[in-house]
Amino acid sequence: MKSFEDELKQALDQKADSLDSATLSRLHRARVLATETQKPWWQNPMAYIAVTASSAALVAYLLLTQPAMEPAIIDAAISSDPLEIMEIMELEVDLELVEELEFYHWLEQSLEQETDA
């Protein structure tokens, strides 16, 4: 007694033997196309466009959503003594005071000039 698989294989082989050459050629081309390996994604030009567009969108998002730093804070941080900066960071003071540090320096200088005059 033959098994189901043997009978099925024999029937498919008989059907394949009876196919004409045009059909066999199309089947062979379809098999080759199906088993060909595709290029890696980085060799696809569309991948470069997608990566570039995504990167540009990310940079634009980060630039637009990050708050701009006050120039006075940057100047104070650059021109100040590192110990002074650490002391400011350790203090629990209102950050508005630190942000307006340049204004307070100007105010102090103008008061000193008024007292000298």
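How many of the 14 residues of α1 are buried? The number is zero, so helix α1 lies largely in the open. Keep in mind for every panel that this is a predicted model.

**View 1. The whole chain, helices and nothing else by way of regular elements.** Here we have seven helices and zero strands. Walk along from the N terminus and the elements read α-α-α-α-α-α-α. Of the 117 residues in the chain, buried ones make up just 5%. The accessible surface comes to about 11000 Å², with 62% of that belonging to carbon and sulfur atoms.

**View 2. Confidence along the chain, from helix α1 to helix α4.** The mean pLDDT of the chain is 79, and 74% of the residues reach 70 or more. Helix α1 (residues 4-17) is where confidence is highest, at a mean of 89. At the other end of the scale sits helix α4 (residues 71-79), where the mean is lowest, at 58. Where pLDDT is low, the predicted coordinates shouldn't be read in detail.

**View 3. Helix α1 on its own.** Zoom in on α1 and you get 14 residues spanning 20 Å from the first C-alpha to the last. That is close to the 20 Å expected at 1.5 Å a residue. None of its residues is buried.

**View 4. The K9–D13 salt bridge in helix α1.** A search of the whole structure turns up one salt bridge, and K9 and D13 form a salt bridge here. Their closest N and O atoms are 3.0 Å apart. Both residues lie in helix α1, four residues apart, which is about one turn of the helix. What about cover for the acidic partner, D13: is it buried, exposed or partly exposed? D13 has a relative accessible area of 37%, so it counts as partly exposed, falling between the 20% and 50% cut-offs.

**View 5. Rings at F103, Y104 and W106.** Searching the whole structure gives two aromatic pairs. In the pair F103 and Y104, the ring centres are 5.5 Å apart and the planes meet at 65°, so this one is edge-to-face. Add W106 to F103 and Y104 and you have one aromatic cluster.

**View 6. How much of F103 and Y104 shows at the surface.** With a relative accessible area of 40%, F103 is partly exposed. Y104 lands in that category too, at 38% relative accessibility. Both of these residues belong to the cluster with W106.

Note on methods: Residues are numbered from 1 along each chain as its sequence is written. This is a predicted model: local features need pLDDT of at least 70, side-chain atom pairs count only at pLDDT 80 or more; totals for chains, interfaces and linings use all residues. Side-chain values use heavy atoms; hydrogens and water are left out. pLDDT is the predictor's confidence in each residue, from 0 to 100. Helices (H or I, at least four residues) and strands (E, at least two) are DSSP runs, numbered from the N terminus. Buried means under 20% relative accessible area, exposed over 50%, partly exposed in between (1.4 Å probe, protein chains only). Accessible areas come from the Shrake-Rupley method with a 1.4 Å probe; for residues, only the protein chains shown count as cover. A salt bridge is a side-chain nitrogen of Lys or Arg within 4 Å of a carboxyl oxygen of Asp or Glu. Rings of Phe, Tyr and Trp (its six-membered ring) pair if their centres lie within 6.5 Å; planes under 30 degrees apart count as stacked, over 60 as edge-to-face and the rest as tilted. The expected span of a helix is 1.5 Å times one less than its number of residues.
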